[in-house]
Amino acid sequence: MIEQVGLRPYDLPLRRAWDSARGGFARRRGWLVSVVADGLTGYGDCAPLPAAGTETADATEIALTSYLTRLTGQDVARCLAELDSDPTLNSTPAARYAVESALSDLASQRAQQPLRQWLAPDAADRLAVNAMLGTLGQVRADDLAAHAAHGFRVCKLKVGMQTPAADLAALQILAQTVNAEAIRLRLDANGAWTIDQARWILEQLARFELPIESLEEPIIKPIPEHLAELQARVAFPLALDESLVTYLATHDLTQLGVKRLVLKPAVLGGLRRTLTLAQRAQAAGIEVVMTSVVDSAAGLWPTVQLAAALNGPLAHGVATADWLAADLGPAPRACAGMIELSSQVGSGFELPASSSKQPAITY
Ligand SMILES: O=C(O)CCC(=O)c1ccccc1C(=O)O
Ligand SMILES: [Mg+2]
């Protein structure tokens, strides 16, 4: 039985500003959700990021407050089972992710299982992750070399912030300094290019055999026919990320034109539905990568557990904790390009002993 529900707003500065073709941010604001039942506490993070496809902070706050005020006195398993038929969180995926994370953290603690095993019995205990280096224009060859030396096999860069020709020139310089066997580049254009610009740069990337691992969201209007045409030009996968939700209801996964999907549980609105979608995609021969939304440790832990539950071969975009200059608690961190998970029950998120256990708002 749920005894107490808490909401704690937070505002965390980044070490350096995050930038992309869809804009950026220098802080992450959100709410830590806590749910206490039978002496256990479950946590979730609500960190809306409209540019990535979530609701706005205002919409989140209304939905979260309305849902959480009704939770006290209820049964955890029942709340989880009824989450889908409850309309309150239907159009607020970041809020739904926070609520489902907190309830699932509790349920997996009660089941004496790490969250990943509670989600999927054949979950992995370690996962490959990519480094996130920032924008291509800012990254230096020695940054890349340093990440390679730390054991990262995939380094992600934001492209599309300068002309395609300038991007290509910068990629060629980087490619000269890396051993393509050791490290490959995951590019994310966040919808920066026209179809013609994308055709041109893909042709160049293929011509110079640059060590590209994949490219997310190449075009402004990501219509499946155009994506399929672009995908046919390159051997590496193109991926849909923030525009995926607009096609999910109307398109079969095999008709999206891309070989890969980037799934963010805070954008898709929860753990179970993201896992189901990921498994459907994999069964259809489409690759899946999970990523965070640069949320706090309370949001990053369940995303990492979810990525481990999927147990796929690719590097996931969850090595984002280092972007934050402050956090709500210890975050999962990469070592040699991998995150190793312990057998600790629940999501793994804990508030440090030094921080107040009493949330700002309780219901
Ligand atoms: O994939 C990663 O390594 C980090 C996640 C990431 O890049 C991201 C984080 C917040 C919002 C959008 C994106 C993105 O992939 O476009
Ligand atoms: Mg992306």
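Author: Before we start, helices here are DSSP runs of H or I with at least four residues, strands are runs of E with at least two, and both are numbered from the N terminus. Please keep in mind that this is a predicted model.

Reader: Happy to. Glutamine 112 has a positive phi although it is not a glycine; in which loop is it found?

Author: Let's take the angle first: phi of glutamine 112 is about 60 degrees. In general, most residues other than glycine have a negative phi. As for its place, glutamine 112 is in the loop between α3 (93-110) and α4 (115-119).

Reader: Is glutamine 112 buried or exposed?

Author: A residue is exposed if 12 or fewer other C-beta atoms lie within 10 Å of its own. Glutamine 112 has 10 such neighbours, so it counts as exposed.

Reader: Alanine 336 also has a positive phi. Does it count as buried or exposed, and why?

Author: Phi of alanine 336 is near 55 degrees, and the residue lies in the loop between α12 (297-310) and β12 (338-340). Because there are 10 C-beta neighbours inside 10 Å, alanine 336 counts as exposed.

Reader: Let's turn to the sheet. In what order do the four strands of the open sheet lie?

Author: We can build it from the pairs. Strand β1 (residues 2-18) pairs with β2 (residues 25-37) in the antiparallel sense over twelve bridges, and β1 also pairs with β13 (residues 361-362), antiparallel again, over two bridges. With β3 added, the pairing in the open sheet is antiparallel and the order is β3-β2-β1-β13.

Reader: Which strands stand at the edges of that sheet?

Author: An edge strand in this sheet has a single partner, so one of its sides is left without a neighbour there. That describes β3 and β13.

Reader: Which residue of β13 stands opposite glycine 6?

Author: For orientation, on the β2 side arginine 8 stands opposite leucine 32. In β13, the residue facing glycine 6 is threonine 362.

Reader: Which glycine in the turn between β1 and β2 has a positive phi?

Author: β1 and β2 make a hairpin, with six residues between the two strands. The turn has a residue with phi of about 95 degrees, and that residue is glycine 23.

Reader: How is the protein chain divided into domains, and how far apart are the C-alpha centres of domain 1 and domain 2?

Author: The domain assignment gives domain 1 as 2-112 + 353-362 and domain 2 as 119-340. Between their C-alpha centres the separation is 25 Å.

Reader: Which element supplies the largest share of the side of domain 1 that touches domain 2?

Author: The contact involves 29 residues from domain 1 and 32 residues from domain 2. On the domain 1 side, β1, β2, β3 (40-46) and α3 each supply at least two residues. The largest share, eight residues, belongs to α3.

Reader: Where does UniProt place the feature "binding site"?

Author: The UniProt entry is unreviewed, and its positions cover three residues that are spread over 54 residues of sequence yet cluster in space, with a largest C-alpha distance of 9.4 Å. The record names Asp188, Glu216 and Asp241.

Reader: Is aspartate 188 buried or exposed?

Author: Aspartate 188 sits in strand β7 (residues 184-188). Leaving aside residues up to four places away in sequence, aspartate 188 touches Lys156, Lys158, Val159, Glu216 and Glu217. Since 28 C-beta neighbours lie inside 10 Å, aspartate 188 counts as buried.

Reader: And which residues does aspartate 241 touch, not counting those up to four places away in sequence?

Author: Aspartate 241 is in the loop between β9 (238-240) and α9 (244-248). Because it has 24 C-beta neighbours inside 10 Å, aspartate 241 counts as buried. Its contacts are Glu216, Glu217 and Val262.

Reader: One last stop: which residues are the closest around ligand 1?

Author: In all, 16 residues surround ligand 1. By class, this shell has six nonpolar, six polar and four charged residues. The closest are Ala52, Met132, Thr291, Val293 and Gly317.

Conventions:
Residues are numbered from 1 along each chain as its sequence is written. Chains are lettered from A and ligands numbered from 1 in the order in which they are written. This is a predicted model: local features need pLDDT of at least 70, side-chain atom pairs count only at pLDDT 80 or more; totals for chains, interfaces and linings use all residues. Two strands pair if DSSP finds at least two bridges between them. A residue is near a molecule or strand if its C-beta atom, placed from the backbone, lies within 6 Å of it. Ala, Val, Leu, Ile, Met, Phe, Trp, Tyr, Cys and Pro count as nonpolar, Asp, Glu, Lys and Arg as charged, and the others, Gly among them, as polar. UniProt positions are given in the numbering used here, feature names are shortened, and annotations may be inferred rather than shown by experiment. A residue is buried if 20 or more other C-beta atoms lie within 10 Å of its own, exposed if 12 or fewer, and partly exposed in between; C-beta atoms are placed from the backbone. Two residues are in contact if their C-beta atoms, placed from the backbone, lie within 7 Å. Domain bounds come from an automatic or database domain assignment.
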